[in-house]
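Student: I should like to work through this model by question and answer. Please show the sequence and the structure before we begin.

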Amino acid sequence: MLAELGNFSLIMALMVAILLSVYPMWGAYKGHQKMMAMAKPLAIGMFLFTAFAYFCLTYAFVHDDFSVAYVANTSNSTLPIYYKYTAVWGGHEGSFLLWTLILCVWTLAVALFSKAIPVKVLARVLAILGMVGIGFYLFMLLTSNPFDRLLPFYPIDGKDLNPLLQDFGMIIHPPMLYMGYVGFSVAFAFAIAALISGQLDSTWARWSRPWTLAAWSFLTVGVALGSWWAYYELGWGGWWFWDPSENAAFMPWIIGTALVHSLAVTEKRKVFKSWTVFLAIAAFSLSLLGTFLIRSGVLVSVHSFASDPSRGLFILGLLVVIIGGSLFLYALRASQIKSNGRYGLVSREVFLMGNNIFLTAATLVVLLGTLLPLVHKELGMGSISIGAPFFDQMFTYLIVPFVLLLGVGPLSRWKNQSLQALSKQIMIALGLSLSAGLLVNAGFEQSTYMADLGLVMSFWVIITTVMEVRQRIEPQVTAGKYSIWQSLQKLTPSHWGMVLGHLGFAVTLIGITLVSAYNTERNVRMAEGDSVNLQGYEFVFKGISQLQGPNYSADVAHVDVYQNSQLVSTLKAEKRFYPVQRNVMTEAGIDSGFSRDLFVALGEQLKNGDWSLRIYVKPFINWIWAGAFIMAIGGVFSISDKRYRMGSLARNASSAKENPKNLMEQTS
Amino acid sequence: MKKFMIFLLPLLVFLGLLAFLYQGLFSDPREHESTLLEQSMPKFVLPDLMETQKTYSQEIFEGKVTLLNVWGVWCVTCAVELPYLQQLKEDGKHIVGLYYDQDIDPDFGIKTVARVQQEVKEKLAQLGNPYAFNIFDVKRDLSLDLGVTGAPETFLIDQTGKIRLHHIGDINPRVWNTKFAPIYNKLVAN
């Protein structure tokens with residue numbers, strides 16, 4: 001019964017979405033206040049209906065209603081209760097419902113927290129989000145309804161959730177990732193609203209900046225969680241595989257990073273306007289393209305074999321309408337935009353533009369690498385596969401100039417920077433980072449040149465970031481106005497956001513460099529009591545015990561790790577057998593530390609009773625994800641800047657058209 | 001106008017991409033062209049499965065249009081296609097088996113050749129024997145040279161010993177009529 005109510009609720013949500021996309025837009029066109037005012041209640045209504053549908057599906061999971069096809073396919077009565085809640089997004093249909101719910105959450109948030117934004121703009125933005133919603137609801141109701149029943153013949157028990165997804169990382173990874181993906185729809189909606197109205201001044205950049213930062217922060221965490229999950233759950237010891245699904249999440253992230261920076265330039269300096277609009281469209285378009293690539297089965301991924309082309313065709317139709325429509329509008333309107341700021345050849349604007357170009361190039365590399373096999377084959381040129389070596393090499397080329405600019409950008413001034421003063425700072429920073437990087441790397445046995453390069457780049461980012469903060473507070477401190485501590489406190493939250501973002505990037509870079517260069521692994525055959533040495537750690541195999549989990553049975557290998565005859569850690573590596581799905585899963589035993597991870601994965605039992613084990617020592621791998629979290633925190637700091645909260649400032653900004661000088665004074 | 005064209009560029013690129021995505025929807029991403037097409041059979045010297053003292057080399061394919069079928073008793077889909085291959089044989093097609101065994105490998109435990117022969121005999125007695133003879137790919141290196149990704153796979157080899165078609169998956173009437181028959185008939189007509 002509740003499943004039918006859920007289905008009905010989805011249909012109602014579709015109706016509300018249609019109303020939301022028509023009335024406020026019409027009202028904004030006609031200047032009709034009442035119609036524009038309908039945007040907010042309609043946004044709330046869309047959220048409530050979708051949330052109720054989501055509740056109904058969750059209820060079906062918790063109460064093991066296997067007459068619902070989706071529940072029968074992704075759950076089982078023995079599944080632990082907490083996984084029943086998360087199994088809701090464990091398959092195609094349910095994850096799309098979550099995706100749509102998150103769209104409603106963003107729409108609701110925009111409706112509630114945008115008091116400072118003119119009614120007309122808000123009406124247009126919400127109407128565009130409603131239009132995106134229509135597409136998603138139709139897709140769900142027509143091709144992948146999570147509430148389809150298996151009546152009258154339904155199974156007694158379900159097929160169970162894929163064991164790979166029965167894991168803590170999977171509980172939080174998809175919602176975070178979707179918050180990021182779908183969050184870019186808000187930036188997209190602001191950009192389209194600005195294109196429709198033709199008012200592409202810097203105000204739209206200011207309005208959409210906190211939303212974009214929020215989406216970017218979520219996506220950062222989402223991608224990092226996905227990488228972390230792959231690391232400890234798949235048991236291969238890797239943290240990034242350049243798989244199409246990873247690339248699909250990585251592309252919007254890179255473009256989102258470019259967008260966050262470009263928005264700052266557009267807001268502060270009123271230049272790069274058409275470029276920023278393009279990035280806003282591109283970020284959401286790449287999110288949608290990623291959805292298409294993963295859910296339609298055009299690329300080889302684990303589940304592509306049985307996917308049905310009607311779903312792919314529908315999403316392709318959505319892409320045509322949303323991406324094609326917005327790019328068409330962009331072509332019509334962007335040519336009329338005039339950027340009225342001026343800047344010299346050596347200025348922060350130019351450095352930021354340079355970084356934007358490198359980020360875009362990186363996105364194109366990922367896009368090409370992901371799609372080239374498809375294009376190549378459809379052109380009749382035969383099958384090719386593009387793997388990690390291609391991406392690794394291209395990113396190594398791109399990252400060097402990128403990091404160089406990343407350091408120089410914040411040190412230089414807007415408009416015009418004296419080359420002499422800048423080059424002096426660059427020389428100091430370069431000297432410091434060269435010596436720091438080479439010195440640290442010399443501490444490793446058998447140091448490599450790639451590690452030298454990576455560490456020097458990381459220290460370059462850290463040192464230039466510190467120099468920038470010092471440069472910022474120096475005048476006040478030398479004038480004796482404030483102490484160092486006081487002047488640090490006077491820096492704006494959005495400035496701290498930039499500092500954290502860049503430091504987080506450096507931390508991630510250190511992690512990537514060291515784990516790529518100094519990762520050690522051994523595949524060994526061990527009998528009880530055997531030991532093996534790796535990087536000064538002694539791994540002793542204590543034996544195997546049996547374990548009975550709620551819906552699996554497992555062999556557990558106990559491994560003691562000694563360093564200088566001191567017990568460092570006892571690791572438990574499991575090999576689980578899930579009887580319902582007839583699947584074997586490796587659950588690696590990991591001891592995470594500040595400077596290294598000890599990682600043991602249990603393999604097969606060999607004929608003579610020995611076991612094969614895979615043992616890794618991974619230096620500084622946690623820094624990869626720690627850096628991502630620091631970046632995300634940086635995003636949160638930027639959002640918390642008072643600038644975005646004060647209605648009066650926003651109103652000033654919108655009236656700044658008459659008085660551009662006024663705005664310059666406020667933001668500089 | 002020139003400026004307009006620049007801003008139109010993203011749309012054009014997107015539309016171009018769209019064409020490929022659309023095509024991609026209707027083709028199986030797993031299917032791929034063999035790099036061996038129009039190439040001669042790789043060199044090999046391998047024993048007959050049943051009489052291991054007798055050996056074959058790539059020259060046996062010359063003079064006759066041959067279907068080389070990679071199979072094994074452990075492969076479920078191979079068992080499904082055996083009856084249809086039997087029919088093809090009765091229609092006068094020359095079919096040679098390339099026997100691929102998983103179990104002759106120190107890592108998996110060693111199986112005697114006699115045991116393998118016994119299994120094959122039982123299987124063929126049960127489902128029909130379409131093969132003129134079976135080449136035993138002892139160390140599976142011919143399969144590797146041929147780019148075999150799994151069983152069953154079938155190669156169509158012409159009179160000069162060149163590979164003309166590489167099919168992954170089972171052969172059934174539909175696959176035969178759409179994929180094999182046009183090329184096969186042309187080759188035989190020559």
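Student: Which residue stands opposite M526(A) in β9(A)?

Tutor: The model is a predicted one. In it, β1(A) and β9(A), the latter covering residues 611-619, pair in the antiparallel sense over seven bridges. β1 of chain A comprises 520-526. The residue of β9(A) that faces M526(A) is W611(A).

Student: Which strands are the edge strands of the open sheet in chain A?

Tutor: Four strands of chain A form this open sheet, with antiparallel pairing, in the order β1-β9-β8-β7. An edge strand pairs on one side only, and in chain A the edge strands are β1 (520-526) and β7 (589-592).

Student: By what angle are neighbouring strands of this sheet turned against each other on average?

Tutor: The order of the strands in chain A, β1-β9-β8-β7, sets which of them are neighbours. With direction ignored, the average angle between neighbouring strands is 15°.

Student: How far apart are the end C-alpha atoms of helix α18 of chain A, and why is that distance reasonable?

Tutor: Helix α18(A) runs over residues 493-518, and 21 of its 26 residues are buried. At 1.5 Å a residue, the helix should span 38 Å. The distance in the model agrees with this expectation, because the end C-alpha atoms are 37 Å apart.

Student: What radius of gyration does chain A have, against that of a compact globule?

Tutor: A compact globule of 668 residues would have a value near 26 Å. The C-alpha trace of chain A spans about 85 × 70 × 55 Å along its principal axes. The radius of gyration of chain A agrees with the globule value, at 27 Å.

Key:
Residues are numbered from 1 along each chain as its sequence is written. Chains are lettered from A and ligands numbered from 1 in the order in which they are written. This is a predicted model: local features need pLDDT of at least 70, side-chain atom pairs count only at pLDDT 80 or more; totals for chains, interfaces and linings use all residues. Helices (H or I, at least four residues) and strands (E, at least two) are DSSP runs, numbered from the N terminus. The expected span of a helix is 1.5 Å times one less than its number of residues. A residue is buried if 20 or more other C-beta atoms lie within 10 Å of its own, exposed if 12 or fewer, and partly exposed in between; C-beta atoms are placed from the backbone. Two strands pair if DSSP finds at least two bridges between them. Axes are lines fitted to C-alpha atoms, for helices over the stretch in contact, and angles run from 0 to 180 degrees between N-to-C directions. The radius of gyration is taken over C-alpha atoms; the globule rule is 2.2 Å times the number of residues to the power 0.38.
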